[in-house]
Amino acid sequence: MTALSVSTSAAASLRADALVIGVAKGSKGIVPAPGGEAVAEAFEGKLAEVLATLGATGAEGEAVKVPAPAGLKAPLVLAVGLGDAVEGGYELETLRRAAGVAARTLAGSKKVALALPAESAEEVEAVALGALLGTYAFGTYKQNGNGGKEPVGELLVLSTRKGSKDAKAAVERALAVGEEMNRARDLVNTAPNDLNPKSFAAIAQAAGKEHGLKVEVLDEKALLKGGFGGLLGVGNGSANPPRLVKVAYTHPKAKATLAFVGKGITYDSGGISLKPAGHNETMKCDMAGAAAVFAAVVAAKRLGLQVNVTAWLALAENMPSGTATRPGDVLRMYGGKTVEVLNTDAEGRLVLADAIVRAGEENPDVIVDVATLTGAMILALGNRTFGVMANNDELRASLHAAAGEVGEPSWPMPLPAELRKGMTESTIADLANMGDRMGGGLVAGLFLKEFVAEGIDWAHLDIAGPAFHEAAPFGYTPKGGTATAVRTLVRFAEQKAAGGKG
Ligand code: BES
Ligand code: MN
Ligand code: ZN
């Protein structure tokens, strides 16, 4: 695991394998960003020229390696682009991304010092978190790790900040969030023959022990006894039976009680409504919601937030077999509602419905579910933005705002009342698990809303787009699992802990 700390040492005298500076597009060419002054000076006025010769422009995403001049102890300087030069501080997301690019580019180095803009505690945290997320690599199944390149062993965030106490706290926060995000990425990337409901539950139990969280697991017998028809209906086609996992963090002076519910389909084949080839190769990612709520509750504990957070992991594997639920079957869900399963590929809403009803029994102030729920949401918002729905306008707005603050793109989506009809009028049961094709992401949201107890504020994050990144890495986002929504949940919990509305 990568070590991370903050230092006020002078960049020039640091013994590191590489020094990272930020460079930006100024009106007359490339300019070094704050934090990199001493490194730039060592080039004796030649830095802009050298970088330009090497093709650098200062654009975001750029990373250019330059041999260090005499006067620097480190042998290598890496210049990362920050985009247009700005006065009065770069956006925190720009810093996170630049630090992420640097950490990924320098994989294989033992020690890297980041001389990026890091004056305020917030900037220190952004650089630290971006770098930590940028070190991420998933080498579990590769014989030679990641092309023989180990992630950076030690990251030093250089800061001019005098009172180093809050800079240290900022690094601690980055570690708590970044390490749990990287763990969530591992869960998403793990092959579905290794990660199933049972093994996921065991990982949650082990982490609970490690961090002092209360973990309860309902196995298939307990689910049958409890009447969890949604989880059982989805899981009964698989040799790997379902689980409902509760992970609870409590604080004696909690300002609010939050329930985070995650969709945990460890593999979504579609079931009897089988997905065609081309649509199931990445469906190990269908547990990214469960991974996100799990990471969020552990991070809340590590940060000691003044809230109670319960994560509910609704775990099942959606497979076709002789025992699988058929299109046409009616399930009796936890709490008694009946659902006609018209399409077994609309399975996420079935496991979530059980978990949302169960979560509601504990009377939380808010329920937020996180799910790779619909392809329709990807059609609507693309691959990098998640949809935010809610039964309360203020809550939807505050989750969208929290996401924006931490650098997670999201967009508020409506729950139009008329779309509910398609799910009730087409069925012999209380509800069907499918409605109108148009607005499919909203239909799924409306389905979940039916299971939220009267009087409880509820929001739904459809992360089907950003949960799994198939294109080339960018910023601090690697290929594969991204851990999207973790930071939004943590920020939301922080706001609740501070007594904020939402
Ligand atoms: N897990 C999928 C949604 C998904 C698609 C996530 C692509 C990530 C990438 C979900 O279970 C699903 O299959 N949804 C169906 C619902 C439909 C049958 C009503 C969909 O979106 O096609
Ligand atoms: Mn599905
Ligand atoms: Zn699914």
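How far from an oxygen atom of ligand 1 is a polar backbone atom of G375? The two are 2.7 Å apart, a distance within the limit for a polar contact, defined as a pair of N or O atoms within 3.5 Å, where within protein one must be able to donate a hydrogen and the other to accept it, and residues adjacent in sequence count only if both atoms are side-chain atoms. The protein covers 78% of the 520 Å² of accessible area that ligand 1 has on its own, areas being computed by the Shrake-Rupley method with a 1.4 Å probe, and for residues only the protein chains shown count as cover.

This is a predicted model, in which local features need pLDDT of at least 70 and side-chain atom pairs count only at pLDDT 80 or more, whereas totals for chains, interfaces and linings use all residues. Residues are numbered from 1 along each chain as its sequence is written, chains are lettered from A and ligands numbered from 1 in the order in which they are written, and side-chain values use heavy atoms, with hydrogens and water left out.

To continue with the ligand, its shell holds 17 residues, of which K275, D286, D345, E347 and G375 come nearest; a residue is near a molecule or strand if one of its heavy atoms lies within 4 Å of it. The shell divides into 6 nonpolar, 4 polar and 7 charged residues, where Ala, Val, Leu, Ile, Met, Phe, Trp, Tyr, Cys and Pro count as nonpolar, Asp, Glu, Lys and Arg as charged, and the others, Gly among them, as polar. An N or O atom in the side chain of D345 is 2.8 Å from an oxygen atom of ligand 1, while a backbone N or O atom of T372 lies 3.4 Å from a nitrogen atom of the ligand. Two elements, β10 and α11 (375–381), give two or more residues to this shell; helices (H or I, at least four residues) and strands (E, at least two) are DSSP runs numbered from the N terminus.

An unreviewed UniProt entry annotates residues 343–350 as "domain: Cytosol aminopeptidase"; such positions are given in the numbering used here, feature names are shortened, and annotations may be inferred rather than shown by experiment. Over residues 343–350 the chain is 38% helix and 0% strand, with its end C-alpha atoms 11 Å apart.

The loop between β10 (257–268) and α9 (288–303) contains L274, and N280 is found in the loop between β10 and α9 as well. L274 counts as exposed because its relative accessibility is 52%, and N280 counts as buried because its relative accessible area is 17%; buried means under 20%, exposed over 50%, and partly exposed in between, with a 1.4 Å probe and protein chains only. Leaving aside neighbours within four places in sequence, L274 is in contact (heavy atoms within 4.5 Å) with S269 and P320, and N280, with the same exclusion of neighbours, is in contact with Y267, D268 and K275.

Beyond helix α11, N383 occupies the loop that leads to β15 (386–390), and this residue is exposed because its relative accessible area is 55%. Its C-alpha atom is separated by 9.0 Å from that of I463, although the two residues are 80 apart along the chain, and, apart from neighbours within four places in sequence, N383 is in contact with I378, G465 and P466. By contrast in sequence separation and distance, L274 and G208 are 66 residues apart along the chain, with C-alpha atoms separated by 35 Å.

Two further residues belong to regular elements. K246 is placed in strand β9 (residues 243–249) and is buried because its relative accessibility is 13%; its side chain is joined to that of E362 by a polar contact of 3.0 Å. A444 is found in helix α14 (residues 440–449), is buried because its relative accessibility is 0%, and, leaving aside neighbours within four places in sequence, is in contact with R349, L373 and T374.

Finally, consider backbone geometry. E44, in the loop between α1 (37–41) and α2 (47–53), has a positive phi of about 50 degrees although it is not a glycine, and E44 is exposed because its relative accessibility is 70%. A485, in the loop between β20 (480–481) and α15 (486–497), has a positive phi near 85 degrees in a residue other than glycine, and A485 is buried because its relative accessible area is 0%.
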